[in-house]
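Welcome! Please take a moment to look over the sequence and the model before reading on.

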Number of protein chains: 2
Amino acid sequence: MARVTLIDVARRAGVSVASTSRALNGLVASPETVERVRAAAAELGYTADATARSLKLGRTQQLAYAVADIGNPVYVEMMRAIERVVAASDYRLVISSTGDVEATVDLVQSLSRGFVDGMVLAPLRVTEELEAAIAAAPVPVVVLGRMPDTVGADTVKADSARGMELVVRHLVGEGRRRLAFINGPVDTTPGQFRHDGFRRAAAASPGVTAIEITVADFTIAEGYRGAMELLENSAGEIDAVVAANDLIGIGVLHAADDLGLRVPEDIAITGVDDTELAQVSRPSLTSVDLGAAERGRIAAELLLARIAEPERPTHMVTVAPVLRVRDSTVQRASRPIRLAARGEALA
Amino acid sequence: MARVTLIDVARRAGVSVASTSRALNGLVASPETVERVRAAAAELGYTADATARSLKLGRTQQLAYAVADIGNPVYVEMMRAIERVVAASDYRLVISSTGDVEATVDLVQSLSRGFVDGMVLAPLRVTEELEAAIAAAPVPVVVLGRMPDTVGADTVKADSARGMELVVRHLVGEGRRRLAFINGPVDTTPGQFRHDGFRRAAAASPGVTAIEITVADFTIAEGYRGAMELLENSAGEIDAVVAANDLIGIGVLHAADDLGLRVPEDIAITGVDDTELAQVSRPSLTSVDLGAAERGRIAAELLLARIAEPERPTHMVTVAPVLRVRDSTVQRASRPIRLAARGEALA
DNA sequence: GTGAAAGCGCTAACAT
DNA sequence: ATGTTAGCGCTTTCAC
């Protein structure tokens, strides 16, 4: 664990530190020098000190992806998309789990300077402090979500309104008329926009009644809890549950099962985000793909572009949603065959 | 985005940089100086450059949690536990998604030096290169998993052997005799140890037959794929499926459902890791808790302890597993009542 | 209590 | 092609 510096390598190789640096970085140097420096570095087990290098260069060659809740698969999906873009550049990506808004503000303020050269930020809640911090950030921040123009950050948005509209229209097209919306906290960006989108879409559909309940979190457990409450009180009164995201949707699916409600016969259920969970759940969950991977990819590209050209005009991209219809809203033709098991023959 | 340095603040406050630094860091300084410096810093929107600070101090005040697949909920759970410990210290935590072994080796080699002051590493695969990199790392690395003594790293292990034994004994106790094990890649640490543990436990159980298949990944999709193959070919011949982790287990659950097999009547299913998914799936999944949160917590504490005292003896902690019995292996007394839906009365 | 100055490890002029 | 040297922004002796 003894620190071995460039000076040590230079001494060992019998050349100056400048030549050593050049040799190591592939700049002008005679093959012989390169060889000797390489050997010396290897023998000594030399690794360049990133701190010193960054200080000198004025950049860290690192990017951050800051996300409130990495436990939500949709953010993991975004992360993978970002990672793919970043891997193709010569930056490294670090992930930062921010938790609440205060922590996010903290992060934007402090991490930015000298920690990373740029950041893709997916905030759950946006406060004025956060906006101010982003506006004042010494390195570019690309925001996944809404941000006032005054902040001057590149943004990539999902079209939640259109997404909710797709969901509601699909349900109405399937003959559903009494909808219930289970939303996460409305003081979050997704909560707010999905709420607005649902309200508008429902209001625009003649003959449709809509109720909305809010749960504490965008999680399976909260979705389950909310659905149990909702369905126990008004099972006969609603014929579709629109969940604000897939996690809540999975919770609703389980609640329906526990209450003996058939999906989609008795009740249709939809999610948002089109995560893997929606594809693999039983029944599979109809969900609207808000383009998480696409948004992640674009955000990463915008970040790289801004770093390359700091004065370029601000971009604001919106990704269109796509509805993925699955078994939780539409009865499929065939159910799979039953297999013989434990020796008994089954129908 | 103009860079404002300590010198700017000093000039503005009308004191030396030394005094400015001291005032900002709460060292000796007259109240008056502190006041003026604070004001100047605020006016200028000064944030200390972490790079320069780190170079001078020789530490970054940052820790890394490097994990192969943050998409697996069990690693998220670990992350949260680590985060809790780190938050209580005055270090910051960054997460690094490593992907394959090569990337992990890269990370250990390069990130360590001047990027973070220490690292909790949860590698999926361990190669000699990785061991060498860890042994040579200039900052402490705590490994979640196995590591030869020669590497000299603190390690925190799960007791997979005992875990698999708990699972097998439970199944045997429930009258199951024909077990199938669906494992992930055996060249991974968890794959290898869960394989060994299962084999041993099955062999130690008289009258029990066991088969094993391997799927490409510890994922729901792969678990589903493997289970379909397995169950279609030998549904009548096995009465329990032991999945190498919860994700695979969930996949098996879905496959059983698609094949019309009743769980647990026709077939019992178990997982490993006791993630939230196991608790919320329908039926809920019996799973063995390998103590992920506990291991994360301990790893973080070991790291902090080693940073504080670099020469302390190497620690090697093993966390005991706990079996969580749920509906996928044991028929529960009551099924919930069916509710009236869509106006029809249901049984 | 305060300021001048050294120096963390590295890269990039600049001179040779 | 190579060496000398300044300096990135900060903290910390050291002298006052």
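This report walks through the overall form of one chain, its domains, its partner chain and a DNA strand.

This is a predicted model, in which local features need pLDDT of at least 70, side-chain atom pairs count only at pLDDT 80 or more, and totals for chains, interfaces and linings use all residues. Residues are numbered from 1 along each chain as its sequence is written, while chains are lettered from A and ligands numbered from 1 in the order in which they are written.

Let us begin with chain A as a whole. Chain A holds 14 helices and 12 strands; these are DSSP runs, numbered from the N terminus, with helices (H or I) of at least four residues and strands (E) of at least two. The C-alpha trace spans about 85 × 65 × 30 Å along its principal axes. A compact globule of 347 residues would have a radius of gyration near 20 Å, but chain A has 26 Å. That radius is taken over C-alpha atoms, and the globule rule is 2.2 Å times the number of residues to the power 0.38. In chain A, 52% of the 347 residues count as buried, meaning that 20 or more other C-beta atoms, placed from the backbone, lie within 10 Å of a residue's own.

Chain A is divided into three parts: domain 1 (6–57), domain 2 (62–158 + 292–314) and domain 3 (160–289 + 323–338). These bounds come from an automatic or database domain assignment. The C-alpha centres of domain 2 and domain 3 of chain A lie 30 Å apart. Each of these two domains gives 11 residues to their contact, where two residues are in contact if their C-beta atoms, placed from the backbone, lie within 7 Å. On the domain 2 side, helix α5 (residues 73–88) of chain A gives the most, with 3 residues.

Next comes the partner chain. Here 55 residues of chain A are in contact with 55 residues of chain B. α4(A) gives the most to the chain A side, with 5 residues.

What surrounds DNA strand C? There are 26 residues around DNA strand C, and the closest are A:L6, A:A18, A:A52, B:A18 and B:S19. A residue is near the strand if its C-beta atom, placed from the backbone, lies within 6 Å of it. α4(A) gives the largest share of this surface, 5 residues.

The table sets out the residue classes of three surfaces.

| Surface | Nonpolar | Polar | Charged |
|---|---|---|---|
| Domain 2 of chain A, side touching domain 3 of chain A | 6 residues | 2 residues | 3 residues |
| Chain A, side touching chain B | 27 residues | 16 residues | 12 residues |
| Surface near DNA strand C | 13 residues | 7 residues | 6 residues |

Ala, Val, Leu, Ile, Met, Phe, Trp, Tyr, Cys and Pro count as nonpolar, Asp, Glu, Lys and Arg as charged, and the others, Gly among them, as polar.

Note on methods. Buried ≥ 20, exposed ≤ 12 C-beta atoms within 10 Å, placed from the backbone.
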